[in-house]
Amino acid sequence: MKESLKISLIYIVAGTVWIVWSNNFIEYFFANYSQETIDLIKGIDNIFFVLLTGTLLFFLVRKQYKYLDDKVKELEKGNQIIENERLKSDHSKKQLDQFIIVASHDLAGPVRQSQGFLELFIRKNQEKLSQNSIDFLQLTLDNFMKIKATINDLTMFSQLSGLVTKEELVSLDEVFEKVLHLNSKKISEQKINLKIDPLPKVKGDYKYFIQLFDHLIANAIKFKDVSRTLSIEVSATSEENFCTVEVRDNGRGIPTENLDNVFYILKRYDYGFIKRGTGMGLAICKRIAEGLGGQIWAESQLGKGSVFYVKLRA
C-alpha cells in the first residue's frame, strides 16, 4: 500500500505540473514556429499525457490486483487450515463421544452386578454383621450408585453431541407438568413452594425440553438452603422469534466467579464437605439448549439464590 501511495503522489504532482506548464513550455520553445505547428505539438503533448496516464494507471491497478490476489490467497490458505483443524476437531470429538458411550456401556454391567450382589449380601447378612460393618457396606453401596449415576450422565451427555431434534411446536406448560410429576415425591416431601406462570409454546423436541427443565428443577432442589423453605418460580418473557424462560430459586446461590464454569462438564460447587451430584447436570442443560438453537446462562447471589435463563426459539 505504501508503494501505491507513492506512485499516486508522484502522478498527482507530475500531472499538475504537466497540465499547468506544458502549454507555456511549448509556446516558449516553439515560438518561432507557425501556429499550426504549435497546435500540432500541443495535440501530441495531450496524447502523450493520456498515454502516460493510462500506463501509470495500468501499473498501479496491476500492482493493486496483485496485492489483493496475494491477500486472497493468504486468506484462502488460512481458511483451509481452519477448516482442516475443524474437521480434525469434529472427528476427534466424535471418536471421544463414541469412546465414552462404549466405555460407559462396558462399565455399566459390572457396576450394576456389583451393586446387586452387595445389596443382596447386606439383606441376607444384616443380622449377622455389626452396625459398623453395615455402615461401611452401605457407604460402598452409595458409591456404586454414584458411579452408576455418573456413567448414565456421561452416556447422556455424549449422545447429545450433534443433537438431532424434531421440529415441532411444544407447549412448555405440558413440559413442566411432566417435570413436576417426575419430581413430585421430592416436592411433597420437602414441602417446596412452586409458582409456575403460564408459559408459551416453543420450537424443538418435547423429550429434550423435559430433560432440560428436569435437570434445572433437580439442581434447584439439590442445592437448596436448608435454613429456609425452598421456593421455585418459573416464568417467561417473549421477544421477536424467541422466548426466555426463567427458573428462579432461593437456594444457596453460586459465587460470581464460578458462574461461567457451572455449565462445563464435571464442574461441581458445593460448600459443605461433600460435593453432591455428578457435575453433569448443567453441562447437559447447556448442550440441550444449544442443540435446540437456544442459549442458557445464570445469575446468582451467594446465600440468596439463583436465576437460570433459557432462551428458546418461539
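These questions and answers walk through a predicted model.

Student: Is strand β5 largely enclosed or largely open, and how many of its eight residues are buried?
Tutor: β5 spans residues 242-249. The strand is largely enclosed by the rest of the structure, because the buried residues number six of the eight.

Student: How many bridges join β4 to β5?
Tutor: β4 covers residues 231-239 and runs antiparallel to β5. Within this pairing, Thr237 has Thr244 as its bridge partner. The bridges between β4 and β5 number eight.

Student: Which residue in the turn between β4 and β5 has a positive phi?
Tutor: The two strands form a hairpin, with two residues between them. One turn residue has a positive phi of about 50°. That residue is Glu240.

Student: Which residue of β7 stands opposite Phe242?
Tutor: β5 also pairs with β7, residues 305-313, in the antiparallel sense over eight bridges. Opposite Phe242 in β7 stands Arg313.

Student: Which residue lies over the face of Phe242?
Tutor: Look above the ring of Phe242. A residue sits there at 5.0 Å from the ring centre. The residue over the face is Lys311.

Student: Is the pair of Phe176 and Phe213 stacked, edge-to-face or tilted?
Tutor: The count of aromatic pairs comes to three. In the pair of Phe176 and Phe213, the centres are 4.8 Å apart and the planes meet at 45°. Stacked needs under 30 degrees and edge-to-face over 60, so the rest, including this pair, count as tilted.

Student: How far apart in sequence are the parts that Phe176 and Phe213 tie together?
Tutor: Phe176 lies in α4, residues 172-182, and Phe213 in α6, residues 206-222. Phe176 is buried, at 2% relative accessible area, and Phe213 is buried at 0%. The pair ties together parts whose separation in sequence is 37 residues.

Student: Is the pair of Trp297 and Tyr309 stacked or tilted?
Tutor: The ring centres of Trp297 and Tyr309 lie 5.4 Å apart. Their planes are at 15°, so the pair is stacked.

Student: Which partner in that pair is buried, Trp297 or Tyr309?
Tutor: Trp297 is in β6, residues 295-301, and Tyr309 is in β7, 12 residues apart. Trp297 has 32% relative accessibility and counts as partly exposed. At 12% relative accessible area, the buried partner is Tyr309.

Student: Which element gives the most residues to the largest nonpolar core?
Tutor: This core has 41 residues, and those with the most contacts inside it include Val175, Phe213 and Leu216. Elements giving two or more residues to it are α4, α6, β4, β5, α7 (281-291), β6 and β7. With nine residues, the top contributor is α6.

Student: Which residue of β5 does Leu216 touch?
Tutor: Set aside residues up to four places away in sequence. Leu216 then touches Leu282, Cys285, Ile296, Phe308 and Val310, among others. β5 is residues 242-249, and the contact of Leu216 in that range is Val247.

Student: Within what arc do the buried residues of α4 fall?
Tutor: The buried residues of α4 are Leu172, Val175, Phe176 and Val179. An α-helix has 3.6 residues a turn, so residues three or four places apart point the same way. Down the axis of α4, the buried residues line one face of the helix, because they fall within an arc of 90°.

Student: Which residues on the other side of α4 are exposed?
Tutor: The buried residues of α4 pack against β1 (168-171), β2 (193-196), β3 (201-204), α6, β4 and β5. On the other side of α4, the exposed residues are Glu177 and His181.

Technical notes:
Residues numbered from 1 in each chain as written. Predicted model: local features only at pLDDT ≥ 70, side-chain atom pairs only at ≥ 80, totals over all residues. Heavy atoms only, no water. Buried < 20%, exposed > 50% of the residue type's maximum accessible area, 1.4 Å probe, protein only. Helix = DSSP H or I, 4+ residues; strand = E, 2+ residues; numbered from the N terminus. Pairing = 2+ DSSP bridges. Phe/Tyr/Trp six-rings, centres within 6.5 Å; stacked < 30°, edge-to-face > 60°. Lys NZ or Arg CZ within 6 Å of the ring centre and 35° of its normal. Core = buried A, V, L, I, M, F, W, Y, C linked by side-chain atoms within 4.5 Å. Contact = heavy atoms within 4.5 Å. Arc of directions from axis to C-beta.
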